[in-house]
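Hello,

Here is the structure we talked about. Please open it first, then read my notes below.

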Amino acid sequence: MIDRSDVPSLPGKPTSASRITLSHIMSAHDTNLLGTVHGGVVMKLVDDAAGAVAGRHSGGPAVTGAMDEMIFLEPVRVGDLLAVKAQVNWTGTTSMEVGVRVVAERWNESGPAKQVATAYLVFVAVDVDGKPRTVPPVLPETDRDRRRWQEAQIRRTHRLARRRAILELRRTRAAEGLED
């Protein structure tokens, strides 16, 4: 645990200050054996956008600490124009949850863009030595931002409870002489 009691709090930043959209046209180079875009390609774009948002919000380098959730809703195809939209949903002392929504404009359809994926990532701001550093609080601006902040709190609570439960199980098994 990092003691930040001696670190002065930073002024907050509104959600809109670090929100971004990265766009990318999917090519044949991005496909998997089924002829659709490989999920790993989409995941990299998600991580790139989330990292840019985390760096912008924290005012410096930030590293991926966890991908809390990634849901693929529809396949992405060659020719699709992907828009990867990211924003900081929640901040702790040194970490941030970044929410990402991926939408695709189909090159051969005239309809509206379709949401194809969603993800939540946790980033940790780091200093030049790679040590965690304090981040400014995020200031939700809209009802949607406030809802996303509350949902991020729930995800954080579940993530920490899951981590504690797993560590407790491992301690119990080790005390029983069971090795993995």
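Among contacts in the protein between residues at least 6 apart in sequence, what percentage join residues at least 24 apart? The figure is 73%. Please keep in mind that this is a predicted model.

Overall layout first. The protein has two helices and seven strands. Read from the N terminus, the order is β-β-α-β-β-β-β-β-α. The C-alpha atoms fit a box of roughly 55 × 50 × 35 Å along the principal axes. There are 180 residues, and 33% of them are buried. About 10,600 Å² of the protein is exposed, with 56% of that coming from carbon and sulfur atoms.

Now two buried residues.

Threonine 15 lies in the loop between strand E1 (13-14) and strand E2 (20-25). Why does threonine 15 count as buried? Its relative accessibility is 2%, and the cut-off for buried is under 20%. Leaving out residues up to four places away in sequence, threonine 15 touches Gln87, Val88, Val138, Leu139, Pro140, Glu141 and Asp145.

Histidine 57 belongs to helix H1. Histidine 57 counts as buried because its relative accessibility is 0%. Its contacts, apart from neighbours within four places in sequence, are Lys13, Ser18, Val88, Thr91, Met96, Pro136, Pro137 and Val138. Val88 and Val138 thus appear in the list for histidine 57 and also in the list for threonine 15. One distance for reference: the C-alpha atoms of histidine 57 and glutamine 150 are 19 Å apart, with their positions 93 residues apart along the chain.

Next, the surface. Which residues form a nonpolar patch there? They are Met43, Met67 and Phe72. Together they have about 240 Å² of accessible area. Methionine 43 sits in helix H1, which covers residues 39-58. At 32% relative accessibility, methionine 43 is classed as partly exposed. So helix H1 holds methionine 43, partly exposed at 32%, and histidine 57, buried at 0%.

Last, the rings. How many aromatic pairs does the structure hold? The count is zero. There is a charge over a ring, though. The charged end of arginine 155 sits over the ring of tyrosine 120. The distance to the ring centre is 3.5 Å.

When you have the model on screen, start with threonine 15 in its loop, then go to histidine 57 in helix H1, and finish with arginine 155 over tyrosine 120.

Best wishes

Terms used. Residues numbered from 1 in each chain as written. Predicted model: local features only at pLDDT ≥ 70, side-chain atom pairs only at ≥ 80, totals over all residues. Heavy atoms only, no water. Phe/Tyr/Trp six-rings, centres within 6.5 Å; stacked < 30°, edge-to-face > 60°. Lys NZ or Arg CZ within 6 Å of the ring centre and 35° of its normal. Patch = residues over 30% accessible without salt bridge, like charges linked within 9 Å, V, L, I, M, F, W, Y side chains within 5 Å. Areas by Shrake-Rupley, 256 points an atom, 1.4 Å probe, with all protein chains shown as cover. Salt bridge = Lys/Arg side-chain N within 4 Å of Asp/Glu carboxyl O. Helix = DSSP H or I, 4+ residues; strand = E, 2+ residues; numbered from the N terminus. Buried < 20%, exposed > 50% of the residue type's maximum accessible area, 1.4 Å probe, protein only. Contact = heavy atoms within 4.5 Å.
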